[in-house]
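Reader: I'd like a close look at one part of this model, a single helix and what it sits against. Could you walk me through it, and then say a bit about its surroundings?

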Amino acid sequence: MSRSQEEIKESKAGLAAHIIGAIAFIALGICLLTLDATFISKLVYSFSVLVIGILFICFGAYYMIKYFFNHEFIRVSNYGFTMGVILVIIGAVFIFKANQISIFIDALVCLIGVVFGAIMLQQSFALFHIQRGSWFISLLLGIATIGCSIYLLMGNTQFFTGILVSSVYLIAVGGISLFSLLLMAIGLRDHKKDSTRNINRNMEESPLSKTKQEESIFEEEPVVEIKEESKSEPEADSDALFEE
């Protein structure tokens, strides 16, 4: 199978998590700019860890259920069930240790930003593989996101104190993540169109197709035989010549 005919499979669970996380970042950034930062800070430190824990459990349950319903256990190299168990355990720890984990919520925001950047890098590699020129944009966005996230993490930035840098960072990371996802979707759509076009062209140019076309062009037309009735003339020595 040629590169143009390869199928790029998409993960629905990962796609949903990506979109939810990006929208959450944008929403938090806008709220910090428009609402009371103290109220947002209390809300985030009180409930954000619980929400993250619930999301981990939901995605873990999804992977475990999918493992059995899709019969993924027949493939030894598939670790969907193990991943689901790990996510459920992490979610449970987030819920039962919410007070202790909430102290590290700012560092967690930076780590999520690093994850978003890593996803952009992966998308750039996929776009490069299917020969889309937008791969370089995703690459630059991913590197910039990872660099900014690590910089803010090393600087112990407090994201929910109302400072402008934290709000801009949240909105920018969320927006860039959605933009990179859009580039990926457009690249996949164009890749599928090119693959379909190449398959149709190869079928038209194949020797079997040419043979069929030639047979249809040079097919012999049906021949209609017309029988001519010939009058039977009496022979010279026949007595019919002399009949009255």
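Author: Sure, and keep in mind that this is a predicted model. Let's warm up on helix H6, residues 135-154: its 20 residues reach 29 Å from the first C-alpha to the last, close to the 28 Å expected at 1.5 Å a residue. Its buried residues are Ser138, Leu139, Leu141, Gly142, Thr145, Ile146, Ser149 and Leu152. After H6 comes asparagine 156, with a positive phi near 50°.

Now for the close look, at helix H3, which covers residues 80-96. With 17 residues at 1.5 Å each, H3 should span 24 Å, and its end C-alpha atoms are 25 Å apart, so the two agree. Buried in H3 are Gly80, Gly84, Leu87, Gly91 and Phe94. Looking down the axis of H3, you'd find those buried residues within an arc of 85°, so they line one face of the helix. The general rule behind such spacing is that an α-helix has 3.6 residues a turn, so residues three or four places apart point the same way. And what does that face meet? The buried residues of H3 pack against helix H2 (37-69), helix H4 (98-101) and helix H5 (105-129).

H2 is worth a glance too, as it gives the most to a nonpolar patch, with five residues. This surface patch is about 540 Å² and is made by Ile20, Phe39, Leu43, Phe47, Val51 and Leu55. Take phenylalanine 47, which lies in H2: its relative accessible area is 49%, so it counts as partly exposed.

Conventions. Residues numbered from 1 in each chain as written. Predicted model: local features only at pLDDT ≥ 70, side-chain atom pairs only at ≥ 80, totals over all residues. Heavy atoms only, no water. Helix = DSSP H or I, 4+ residues; strand = E, 2+ residues; numbered from the N terminus. Expected span 1.5 Å × (residues − 1). Buried < 20%, exposed > 50% of the residue type's maximum accessible area, 1.4 Å probe, protein only. Arc of directions from axis to C-beta. Contact = heavy atoms within 4.5 Å. Patch = residues over 30% accessible without salt bridge, like charges linked within 9 Å, V, L, I, M, F, W, Y side chains within 5 Å. Areas by Shrake-Rupley, 256 points an atom, 1.4 Å probe, with all protein chains shown as cover. Salt bridge = Lys/Arg side-chain N within 4 Å of Asp/Glu carboxyl O.
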